[in-house]
Amino acid sequence: MAKTKLPDPLRRRHLIEGGVDPGRALQIAEVYLEEGRSIEAVAFLLKAEAREQLVALREQAVGEGDAFLLREVAAALGEEIDAAAWQALAGAADASGKDRYATEARRQAARLEE
């Protein structure tokens with residue numbers, strides 16, 4: 001099986017906006033994930049209707065303390081992020097030295113708890 005090549009930025013945009021079949025979208029998403037480019041994989045996972053992978057990516061974002069990725073995945077899933085997720089993300093971000101994400105996560109958690 002030939003290795004899936006990542007699209008260049010313009011081709012990526014055309015695929016996302018114009019359409020790509022779900023099977024191909026999943027292949028592209030998997031390559032992005034293998035390359036550690038999770039943010040870019042989200043749009044293709046959404047096109048592939050790969051809800052399970054998006055949920056797993058959401059959990060990964062919380063576990064790694066990545067607030068930006070969590071927001072992207074939650075938006076793709078059409079879900080709100082609850083205070084508990086923000087608090088968990090803050091702890092993981094602290095442990096990873098991601099001070100900005102930890103501060104933002106605490107701010108979001110406090111906002112939701114009001």
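The following exchange concerns the nonpolar core and helix α2 of a predicted model.

Residues are numbered from 1 along each chain as its sequence is written, and side-chain values use heavy atoms, with hydrogens and water left out. Because the model is predicted, local features need pLDDT of at least 70 and side-chain atom pairs count only at pLDDT 80 or more, whereas totals for chains, interfaces and linings use all residues.

Visitor: Which helix gives the most residues to the largest nonpolar core?
Guide: A nonpolar core is a set of buried Ala, Val, Leu, Ile, Met, Phe, Trp, Tyr and Cys residues joined through side-chain atoms within 4.5 Å; buried means under 20% relative accessible area with a 1.4 Å probe, protein chains only. Of the 32 residues in this core, Val42, Phe44, Leu54, Leu70, Val73 and Trp86 touch the most other members. Helices are DSSP runs of H or I, at least four residues, numbered from the N terminus. With seven residues, the greatest contribution comes from α5.

Visitor: How are the buried residues of α2 arranged about its axis?
Guide: These residues are Ala25, Ile28, Ala29, Val31 and Tyr32. Taking the directions from the helix axis to the C-beta atoms, they fall within an arc of 160°, so they line one face of the helix.

Visitor: Against which helices do the buried residues of α2 pack?
Guide: Contact means heavy atoms within 4.5 Å. By this criterion, the partners of the buried α2 residues are α1 (9-18) and α3.

Visitor: Which backbone nitrogen does aspartate 21 approach at the start of α2?
Guide: A side-chain oxygen of aspartate 21 is the approaching atom. It reaches to within 3.1 Å of the backbone nitrogen of glycine 23.

How values were computed
Buried < 20%, exposed > 50% of the residue type's maximum accessible area, 1.4 Å probe, protein only. Helix = DSSP H or I, 4+ residues; strand = E, 2+ residues; numbered from the N terminus. Polar contact = N/O pair within 3.5 Å; in protein donor to acceptor, adjacent residues only side chain to side chain.
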